[in-house]
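Please read the following points beside the model. They take up chain B, its contacts and the nonpolar cores in turn.

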Amino acid sequence: MTSAVTGSTDLTRLTAAETASAVAAGEVSAAEVATAHLDRIAAVDDRVHAFLHIDAEGALAAAAAVDAARSAGEQLSPLAGVPLALKDVLTQKGIPTTCGSRILEGWRPPYDATVTARLKDAGVVILGKTNMDEFAMGSSTEHSAFGATHNPWDLDRIPGGSGGGSAAAIAAFEAPLAIGTDTGGSIRQPAAVTGTVGVKPTYGAVSRYGLVALASSLDQAGPCARTVLDAALLHSVIAGHDPLDSTSLDQPVPDVVGAARRADVKGLRIGVVKELGGEGYQAGVRQRFDEAVALLTDLGAEVVEVSAPHFPYALAAYYLILPSECSSNLAKFDGIRFGLRVGEGDGDPSVEQVMARTRAAGFGAEATRRIMLGTYALSAGYYDAYYGSAQKVRTLIQRDFAAAFEQADVLISPTAPTTAFKLGEKLDDPLAMYLNDVATIPANLAGIPGMSLPIGLAPEDGLPVGLQIMAPAMADDRLYNAGAALEGALLDRWGRPILEEAPAL
Amino acid sequence: MSTVSTGAADKVLPYDDVVASFDPVLGLEVHVELGTATKMFCGCPTTFGAAPNTQVCPTCLGLPGSLPVVNKVGVESAIRIGLALNCSIAEWCRFARKNYFYPDMPKNFQTSQYDEPIAYDGYLDVDVETDEGVKTFRIGIERAHMEEDTGKTTHQGGATGRIHGADYSLVDYNRAGIPLIEIVTKPIEGTGKYAPEVARAYVTALRELLRGLGVSDVKMEQGSLRCDANVSLRRSPSDPFGTRTETKNVNSLRSIERAVRYEMTRQAAVLEDGGSITQETRHWHEDTGITTSGRSKEEAEDYRYFPEPDLVPIAPSREWVEELRASLPENPAVRRARVQAAWGISDLDMQTVLNAGALDVVEETVAAGADQAAARKWWLGELARVANERGVELADLPITPAQVARVEALVGEGTLNDKLARQVIEGVLAGEGEPDAVVASRGLAVVSDDGPLLAAIDEALAAQPDVADKIRGGKVQAAGAIVGAVMKATRGQADAGRVRALLLERLGVSE
């Protein structure tokens, strides 16, 4: 078994599409694929720390079930037998789900998230749960209560966040696929800094049932992969209406796989967002972005500049809406019904004292900061000035997008202002940390889909740079079409996938 | 010994003095548990009395990752209640989160509605007996909104059964997520000394309306209908509203009236002493008939309401609303007028029926064939007494209107007399079966055979020869003693009128 994409015979170097075909054709068993990945995890994860929990037993059982189904002559679904890493913010029945927080340590959910259930139904082999910033709050995975994840490109650097574990697992060849969640960039920014592909689908396209909420109106689960086609295959497995999520869209899932295979931008109108670039963006990021724009033009796209005048207010609005919703969503973590309980035996405490002690001990600094910000923003007398104003900004940003999509079919920008920074570098400066998501947040505020894909290494540090593509709501297929076209042209130019440039672990 | 005061009785002013010097303003908040088969935001059943924590799921337990989905029947019930209360129905409204920490709130926020209620701006007319006859008061309805109930906490150990001093607490989440409609009145002014009666009449009328809609079983003792009474006093109707208190835990119609009256007398005493009313929650104590201070509103939480992002807005189509309006049952006021005319009874008699919450059962008893006067006699008399003793509603007594009608029919055909009928009712209430079965098993039929009666009469005459002589001498009123003796001898199973007739005939005297 040799990968057409990477030329490797290593089962962990296959794409998801290749793995699925090989399993379906009986060239390799799902059990062998799972074992190869579990071995890889055993070999490298002590340095990468992408996983919080590895479910070898469950993974091998799922793989065996796929192999048995194949032997029985059953039709396998398109990703059957492909291993996957699940972000630890989605519930999986009986498997520890911590959200990167002490407050949930030891909790085993009694139910599967809809995403988890769909993965299981599709024969996807779930290897384990990946590390993340606590309750998905952060851009570096350093806010995990269980230690940071390390970027496979440079173990001294951050893998992005909050889904650094999912992105690093893919970049380190511990899994070909992962699920991330994206509230302000938590799929796209980690993809950018690890040289992988990440997609935040249209809000409501993927069920949030079983996704432990950070900010309900912004959260969206999506695929992480090493190729655009793999991301599309995973997208089509997890997307679709779910009656258990009231905000789930009851509309057909766009043909993202077909779009990824089409990969044709001839005549496509591509808008470069003026406000997302320039000052504040690293030189190498700008250089690779400009080169990608030129490449898209060469491919026949019609590139125009568009303006979104309210984007400069997006970050401020986001940091009012997110903490407000999060302060309420995280109220349930009180030690009464599940998870950590602290200080019960200390004196004769009241229930309020036990709740307060549990929350004080269970939440880390960033979670506490955002809960307090949100509690303040929603307080009587401040609501209109903070939450109310932020919602107005949100409407203005939606209008900016609507106007921009009059001029362009998709919008593009750098995904993140910089390449991966050093672990610890921004930990004491929350504002600097928040700025990592300046380009990704507008899509969450508007509920539109966004993708990040690698467009090269920054000359100054040799680290991956990501390009973001955004499309109108429910036009997720446009991301895959444009992304696959650019990916193909870059692969032709480079001769081999970007991850082959990463140092061996 | 608990350190929590159950309330040393506050000073109160005599009620007549209160209404001479003050004008009361009321505000009533009623919570109604809807009788939907499933909860408001998940598919769990709502059966009352199930074993603790057996009717729960990730959503109503507030487990991480769970999400709510709106119960359409709950929304429909809310709209029907709004329409029946003459409210406008919102074209677009949202749920909101009311944030506060409490162990019986699984999510530590309650999904409710805040500034966008589903129904608003309506009224309900209620009749109250006044010195000048029955007077109609129009109670303005501010809003009716949807929300979810909390779990139920029981405090174990300690002296009072309250949270203070308890050793530990148990929470049952079966009730968490059961749909509630909160109905809030506008300030009720102009009731004067009838404020307590108006409060009671409002809740009575509301309960009747809700029962008629079939949206709730409206059982106050089971908590499916709960009332909080806001009361304030001012010197004159032209003054601004006084500071109000909110009395909770008022769990019967009678308590509403008593609690309002008590709060008026308590507040008046404070004000007359030159004090000021603290805005606070107060607890009603059924046993002692007083209210005690709860949590002060000054230290009350800021609920940090904001629109519920996990639910989409509710936008009931006008067609649906009109469909629901067209299918509403007969308006209770119209029904009352119709029933009163059919029965031909006075306003006062009708009011008595309504106050006892007996309209449904009496009407059903009449429909089952009983005479209206007899039906009222049973339900307002013997059965009301038993219901009161047992602390339940008339409708909850283990006897049906059809059974009452059957007892009355047995009286009509002479099988039972009044005393025996009471025993049959007692038997039915004791679970001995249908009225005919009770008559048979207890051997209660009237002795209609003259033979045994004549024997008993002869025996009584022999035992009291002096009385017999008096009757023979024309003192017919003395017959009572003999009739009484015969009734005693037949254990009440004789028809007293028949005994008397037989006696007089036996002695050859006429009336």
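1. Chain B has 17 helices and 14 strands, both being DSSP runs numbered from the N terminus, with helices (H or I) of at least four residues and strands (E) of at least two. This is a predicted model, in which local features need pLDDT of at least 70 and side-chain atom pairs count only at pLDDT 80 or more, while totals for chains, interfaces and linings use all residues. Residues are numbered from 1 along each chain as its sequence is written, and chains are lettered from A and ligands numbered from 1 in the order in which they are written.

2. Taken along the principal axes, the C-alpha atoms of chain B fill a box of roughly 90 × 55 × 50 Å. Of the 511 residues in chain B, 41% are buried (20 or more other C-beta atoms within 10 Å of the residue's own, with C-beta atoms placed from the backbone).

3. Between the chains, 26 residues of chain B are in contact with 35 residues of chain A, where contact requires C-beta atoms, placed from the backbone, to lie within 7 Å.

4. The largest nonpolar core (buried Ala, Val, Leu, Ile, Met, Phe, Trp, Tyr and Cys residues joined through C-beta atoms within 7 Å) has 248 residues, and those with the most contacts inside it are A:L84, A:V125 and B:Y202. Helix α3 of chain B, residues 195-213, gives the most to this core, with 10 residues. Apart from this core lies another, of 46 residues, among them B:A374, B:A387, B:A405 and B:L416.

Key. Two residues are in contact if their C-beta atoms, placed from the backbone, lie within 7 Å. A residue is buried if 20 or more other C-beta atoms lie within 10 Å of its own, exposed if 12 or fewer, and partly exposed in between; C-beta atoms are placed from the backbone.
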